[in-house]
Amino acid sequence: MDWYSTIDFAMIKTPNKPLSRFSVAPMMDWTDRHCRFFHRLLNPEIVLYTEMVTTGALLNGDPERFLRYNTTEHPVILQLGGSDPEELAQAARYAEKYGYDGINLNCGCPSERVQKGAFGACLMAEPDLVAQCITRMRDSTSLPVSIKCRIGIDESDSYEFLEDFVTKTHAAGCDTYIVHARKAWLKGLSPKENREIPPLDYPRVYRLKEEHPDLSIHLNGGICTLEDMTTPLNMCDGVMIGREAYHNPWFLRRLAEQFTPATAPHHSRAEIVIQMMDYAAREYREFDTPLHSITRHMMGLYHGMHGARAWRQHLSNVSRHAQNNPLFVLDFLNSECMLTE
Ligand SMILES: Cc1cc2nc3c(=O)[nH]c(=O)nc-3n(C[C@H](O)[C@H](O)[C@H](O)COP(=O)(O)O)c2cc1C
């Protein structure tokens, strides 16, 4: 019996349905299952990604800790970090067992820690190895496997470099690419700087789609408004939103109203807070989850509105958080700071 078969998996698999053209980016320390639960309340269709989970952590640690999620999160994709084809194959089987809707291989993260493990963005220099990883993952599961990458790394910063990477990995069976439209410097810039300093180059991503219409190409990087996505949606198959979704989560709701009005939710922000606190109470009962692990993702809920600051201050109250009583968060809704919507 395989080692992973000994685990009792009780997750429900969703029926396959075409994935939305919109997704929320994988973001380490941000898009954990609590954050994804929150985002799902705001937008029922958008594709959610986990934080990157390394094969080392998954295969040598407690898989339940890394893979547990709420069934409401579907469609949800597991992002893997790794470069060993066999380990990735095992991790992919885990993803299938847990009922994830797809697997994404991280070929875009430039952090030094990740480079030490020889994965992330530095894998763009090793398309043959990535191709082997894709082959093994595809052989091991029936889940769709996609790649998230940059448009280039270091001096390898040309359309031809990107196209060579895509062509070789496509030949191994990958047909969906989420392209962060800026290159990464592997030395000298922090991950944060690598999300800000190299300039965005959307036309390179558009060209990739134009010359490879059979591929599914999703553009990522710098999308902050509905207007920002007009051209990318015309030129590509979809868009992935990162920081804006986190700092201004109501943006996800506006997306739902604009693009999927039939299923867009109608809850007010206050009702979302109530649902989240109901979730927090369940989480505390079942898993001892500290309240703060949940409320920290909700700081931006009133972004741009009168009283947003008072809300953030309310959520920053450390001593009240220590009691893990969600009622304190609800107090805000009755307070004189209660925000008109
Ligand atoms: C805090 C943070 C953590 C991130 N962690 C990951 C990660 O685990 N995997 C990944 O592929 N990208 C990661 N990214 C990059 C985002 O997925 C995205 O590519 C980047 O933020 C650009 O999109 P944006 O301009 O819409 O934010 C992270 C970004 C941030 C801000």
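Colleague: Which residues point one way from E3, and which the other way?

Modeller: This is a predicted model, and in it Val 76, Leu 78 and Leu 80 point one way from E3, while Ile 77, Gln 79 and Gly 81 point the other way, with all of them buried. Strand E3, residues 76-81, is accordingly described as mostly covered, six of its six residues being buried.

Colleague: How many of the residues of strand E2 are buried?

Modeller: For strand E2, residues 47-54, the count is seven of eight, so this strand is largely enclosed by the rest of the structure.

Colleague: In what sense do E2 and E3 pair, and over how many bridges?

Modeller: E2 and E3 pair in the parallel sense over five bridges, and one residue pair to look for is Tyr 49 with its bridge partner Ile 77 in E3. On the other side of the pairing list, E3 also pairs with strand E4, residues 102-107, in the parallel sense over four bridges, where Leu 78 stands opposite Ile 103 in E4.

Colleague: Which residue stands opposite Val 47 in E2?

Modeller: That residue is Ser 23, and it belongs to the pairing of strand E1, residues 22-24, with E2, which is again parallel and extends over two bridges.

Colleague: What do the strands form, and in which order do they run?

Modeller: They form a closed barrel of eight strands with parallel pairing, in the order E1-E2-E3-E4-E5-E6-E7-E8. Neighbouring strands of this sheet are turned against each other by 25° on average, with direction ignored.

Colleague: Turning to the helices, at what angle do H7 and H8 pack, and how far apart are their axes?

Modeller: The general idea is that two packed helices are described by the angle between their axes and the distance between the axes. Here helix H7, residues 159-171, and helix H8, residues 202-211, pack at an angle of about 45°, with their axes 11 Å apart.

Colleague: Why are H7 and H8 called oblique to each other?

Modeller: An angle under 35 degrees would count as roughly parallel and one of 65 to 115 as roughly perpendicular, and the angle of about 45° falls in neither range, so H7 and H8 are oblique to each other. As for handedness, H7 passes H8 in a right-handed crossing.

Colleague: Which residues meet where H7 and H8 are in contact?

Modeller: From H7, Tyr 159, Leu 162, Glu 163 and Val 166 meet Arg 204, Arg 207 and Leu 208 in H8. Sorted by class, this contact has four nonpolar, no polar and three charged residues.

Note on methods
Residues numbered from 1 in each chain as written. Predicted model: local features only at pLDDT ≥ 70, side-chain atom pairs only at ≥ 80, totals over all residues. Axes fitted to C-alpha atoms, helices over the stretch in contact; angles between N-to-C directions. Parallel < 35°, antiparallel > 145°, perpendicular 65-115°, else oblique. Left-handed = near helix turned anticlockwise from the far one by under 90°. Contact = placed C-beta atoms within 7 Å. Nonpolar A, V, L, I, M, F, W, Y, C, P; charged D, E, K, R; others polar. Buried ≥ 20, exposed ≤ 12 C-beta atoms within 10 Å, placed from the backbone. Pairing = 2+ DSSP bridges.
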